[in-house]
Amino acid sequence: MSYSKVYEIAHWLSGTVYNDFKEGELSVWIFGSLVESFKGSKDCDVLILVDENFMDKLAYLSLVWKHDFEYKFGIPLHLTRLSFQEARFAQSFIEAVFGKPTIQLHSR
């Protein structure tokens, strides 16, 4: 995937998301292979943090966005949705766990 295609995807996502939500109601990040290595990307991973009051609205709109995105760009859109409250809890949990010695398990 070319840099211009990634720009087009980011522009489309930004316009779509912020057409349905106001600034401050949510935060959006594109991550994964689309940003790490344009050429090998077979999907678009997006993290959305949203105010808890808008979770139902986001759940519904996510279905619409996924459909429209795949139709327009020909690759799947994978959305991870968390409330700001869930994200703060997750951050505290990760810091507590990974701030101490751990053993990471892998498949054999």
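In this predicted model, Phe89 counts as exposed because its relative accessibility is 60%, above the 50% that marks the exposed class. Phe89 is found in helix α4, which covers residues 84-98, and together with Phe93 and Ile94 it forms a nonpolar patch on the surface, the three having about 350 Å² of accessible area together.

Ile75, found in the loop between α3 and β3, counts as buried because its relative accessibility is 9%, and the limit for that class is under 20%.

| Residue | Location | Relative accessibility and class |
|---|---|---|
| Phe89 | helix α4 | 60%, exposed |
| Ile75 | loop between α3 and β3 | 9%, buried |

Beyond its neighbours within four places in sequence, Ile75 is in contact with Met1, Ile9, Lys42, Asp43, Cys44, Phe69 and Glu70. Lys42 lies 33 residues from Ile75 along the chain, yet the C-alpha atoms of the two are separated by 6.1 Å.

Turning to the interior, the largest nonpolar core has 20 residues, and those with the most contacts inside it are Ile9, Leu13, Cys44, Trp65, Phe69 and Leu77. At least two residues of this core are supplied by each of α1 (3-20), β2 (44-50), α3 (55-73) and β3 (77-83). For Trp65, again leaving aside neighbours within four places in sequence, the contacts are with Trp12, Thr16, Val17, Asp20, Phe21, Ile48, Leu58, Leu77 and Leu79.

Terms used. Residues are numbered from 1 along each chain as its sequence is written. This is a predicted model: local features need pLDDT of at least 70, side-chain atom pairs count only at pLDDT 80 or more; totals for chains, interfaces and linings use all residues. Side-chain values use heavy atoms; hydrogens and water are left out. Patches are made of residues with over 30% relative accessible area and no salt bridge: like charges are joined within 9 Å, nonpolar side chains (Val, Leu, Ile, Met, Phe, Trp, Tyr) within 5 Å. Accessible areas come from the Shrake-Rupley method with a 1.4 Å probe; for residues, only the protein chains shown count as cover. A salt bridge is a side-chain nitrogen of Lys or Arg within 4 Å of a carboxyl oxygen of Asp or Glu. Helices (H or I, at least four residues) and strands (E, at least two) are DSSP runs, numbered from the N terminus. Buried means under 20% relative accessible area, exposed over 50%, partly exposed in between (1.4 Å probe, protein chains only). A nonpolar core is a set of buried Ala, Val, Leu, Ile, Met, Phe, Trp, Tyr and Cys residues joined through side-chain atoms within 4.5 Å. Contact means heavy atoms within 4.5 Å.
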